[in-house]
Number of protein chains: 2
Amino acid sequence: MINFSINKAFFLQALNTTKRAISSKNAIPILSSIKIDVHATGITLTGSNGQISIENSIASNDENAGLLISETGSILLEANFFINIISSLPDISLDFKEIEHSQVLLTSGKSEITLKGKDVEQYPRLQEVATSNPLVFETKVLKTLIAETAFAASTQESRPILTGIHLVLTEHKNFKAVATDSHRMSQRKLVLENSGDNFDVVLPSRSLREFSAVFGDDIETVEVFLSGSQILFRSETISFYARMLEGAYPDTDRLLVSDFETEILFDTNNLRSAMERAHLISNATQNGTVKLEIVDGKVSAHVNSPEVGKVNEEIDTLETSGNDLTISFNPTYLIESLKALKSETVRIRFISPVRPFTLTPGDDGENFIQLITPVRTN
Amino acid sequence: MINFSINKAFFLQALNTTKRAISSKNAIPILSSIKIDVHATGITLTGSNGQISIENSIASNDENAGLLISETGSILLEANFFINIISSLPDISLDFKEIEHSQVLLTSGKSEITLKGKDVEQYPRLQEVATSNPLVFETKVLKTLIAETAFAASTQESRPILTGIHLVLTEHKNFKAVATDSHRMSQRKLVLENSGDNFDVVLPSRSLREFSAVFGDDIETVEVFLSGSQILFRSETISFYARMLEGAYPDTDRLLVSDFETEILFDTNNLRSAMERAHLISNATQNGTVKLEIVDGKVSAHVNSPEVGKVNEEIDTLETSGNDLTISFNPTYLIESLKALKSETVRIRFISPVRPFTLTPGDDGENFIQLITPVRTN
């Protein structure tokens, strides 16, 4: 019968991290619970939604936790409800005591709250991941490459594989992350400092976004393990499991060609705000597009939505070269693409009005490249 | 054909204030427009949802406006869309030019945006309010009394009059604001510095909440005018019109009695956080209540929701007097009541387990009094 006391703020933070894997509307009702395992050396909190699972450890020897364990055991508690209760407690610490089977008495200050829990046997067993040969990533690097690619993944389930990010390690060091929804694509490459076993997997972009939310900037590195259909990201206190997507990812390399006819260097913010204005007007029409005209090195943007109005705008450029061109596309894709691009300038290369165009950071080579498919008009 | 130039940020702020009266989902489609009247000495922006209307004036001689009017006229523009467009413009100022009937060309930096508007004749005529004999209020005082009462008004349309706040001026100086949803009541009294004509009106609490949002803290005083079924709050640049509710407001004075059996002074925050814990558990049961027990001067709170758990808590008091008592009520009413009460301490007076109890600020007399009806249990 569990019995421990703990610092309230510390406990709450660990609970809230774990809660990111828990949905109160899960099709499997028991997954709205948080699992609390109290063992001799600390507490493990577990949450899962079937796609991702988070285990969060609180060690007895972590001074900030103020953790004092008198008796061990395990219990399930309704996650949202339990966290709200903990957050409402009056004192800076709390006592957690199992008073009868699956029933908990919380004491804090003069407040005594009794909660009904559930038997831990009802919780599904999470798949295990073998933890040998970790690949070590800087957390910041992983979070950056997720931000650079996840937005380009599909949100529609019609081709499930496209809701994922394709992660590939070749030659033990060459890492590549790609996402595409078939209208646009984003690819980041990097060379790892530590080499590892080659892999080729697809992870749901939603799971990777959660990864970015769970691993704070205070966690410098994470170990990555792959086994079976699961990936595990692990820091000192957090284990984050995500299920891989099954199926073959399309060959995106063939989309990247090196010949182009027209090349322009823009100020990123300048182009982005012009596209945001264009989008306000194009958005009033279904499948509204913006038309970019390049004539004698001058670039202008044009939108015409007969019901609401039109935009005509000259866009400043930093460099232009190549042929004149007129091309139409959905400005949302360009806006999202520019948001993902952290550099002050962006290089856009066009082949023809009907071929995808590429975006690369003005200050970088080809390690981060994006591709947008134009819309054929008339 | 309208033609003016203006500072973008200044224009945007005036547009956003006016927009508070505009709903994009109004049953009368034309009310999703903002009306722009450009006259010789400035611009008037008008928005209305049928319940409230806002007129916002920008004077040519206001230096911050940077307003230069070349030609006058009036036009209607879709409010949300127009404001988004203005906010997206690249330069710090913009030119607004009517290029043909009900069609506007906005120029800012290198951006040219053409928008379709509507003929101003389509806009409904707003009721006029005679502006003689203003009652002058400090804005802060009005906003405080709205915050102290509006929450207690009903949100249900079954008795429309209870969705309002009852505002009464008697003896030219004695002002009273009351709201009740029949479960609780909140009443603020104050003696006006300037006397005015007596009145007795009911205004929708929702309109008064909008008043608080529209009149910023930089506006020191507002003039209040009543005429027909409308009230007008007016500052130098803003005229805010609200339609009154029709019908007789219930007599709430008879609810306030002066005899009581038990009186307790609490620390407001202390009581509020105990009630918030109680509410977390009581909320799990339909119509869940908290039971307050006063025994020998000690106060304790108890909730039992068989499905999820229970709370037992001793609540510290600052003073207690009178008889023992056990009373049950919906903790939400007490939480909202304590939120409205800005004083550090709260005095609660009980008559019996079945009679409403009153709350007054610990540091005030009876100028601000609230009343909560208990729930009969067993």
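**Notebook: sheet, hairpin, helix and two-fold**

I started with the sheet in chain B: 9 strands make an open sheet in the order 14-11-12-13-26-25-24-18-22, with antiparallel pairing. I'm working from a predicted model here.

Next I checked the edges. Strand 14 (199-204) and strand 22 (319-322) of chain B sit there with a single partner strand each, so one side of each has no neighbour in the sheet. From one strand to the next, the twist averages 15 degrees.

I then zoomed in on one pair in that sheet. Strand 25 (residues 357-361) and strand 26 (residues 368-372) of chain B run antiparallel and are joined by 3 bridges. T358(B) is opposite L371(B) in strand 26 of chain B.

What packs on the sheet? Helix 4 (residues 205-214) of chain B does, touching strand 11 (164-170) and strand 14 of chain B, and its direction makes about 85 degrees with that of strand 14 of chain B. I also looked at helix 6 (residues 331-340) of chain B, which lies across strand 13 (184-191), strand 24 (345-350), strand 25 and strand 26 of chain B. Helix 6 of chain B runs at about 175 degrees to strand 26 of chain B.

Over to chain A. Strand 20 (residues 298-305) and strand 21 of chain A form a hairpin with 3 residues between them, and they pair in the antiparallel sense over 7 bridges. H302(A) is opposite N312(A) in strand 21 of chain A.

I wanted to know which residues of strand 21 (residues 309-315) of chain A are on its covered face. I get G309(A), V311(A), E313(A) and I315(A) there, with K310(A), N312(A) and E314(A) on the uncovered one. That fits the usual rule: side chains in a regular strand alternate between the two faces of the sheet.

Strand 21 of chain A also pairs across chains, antiparallel to strand 9 (residues 111-116) of chain B over 5 bridges. K310(A) faces T114(B) in strand 9 of chain B.

Helix 5 (residues 268-282) of chain A got a length check. At 1.5 Å a residue, its 15 residues should span 21 Å, and the end C-alpha atoms are 20 Å apart, which agrees. At its start, a side-chain oxygen of D267(A) reaches to within 3.2 Å of the backbone nitrogen of N269(A). Its buried residues include L271(A), M275(A), R277(A) and I281(A).

Last, I looked at symmetry. A rotation of 180 degrees with 0.0 Å of shift along its axis puts chain B on chain A (RMSD 0.0 Å), which is the relation of a two-fold axis. In chain B, K25(B) has the C-alpha nearest the axis, 15 Å from it. I also found that 100% of the interface residues of chain B are interface residues in chain A too, so the copies meet through the same surface.

How values were computed
Residues numbered from 1 in each chain as written. Chains lettered and ligands numbered in written order. Predicted model: local features only at pLDDT ≥ 70, side-chain atom pairs only at ≥ 80, totals over all residues. Heavy atoms only, no water. Least-squares fit on C-alpha atoms with pLDDT ≥ 70 in both. Contact = heavy atoms within 4.5 Å. Helix = DSSP H or I, 4+ residues; strand = E, 2+ residues; numbered from the N terminus. Expected span 1.5 Å × (residues − 1). Buried < 20%, exposed > 50% of the residue type's maximum accessible area, 1.4 Å probe, protein only. Polar contact = N/O pair within 3.5 Å; in protein donor to acceptor, adjacent residues only side chain to side chain. Pairing = 2+ DSSP bridges. Axes fitted to C-alpha atoms, helices over the stretch in contact; angles between N-to-C directions.
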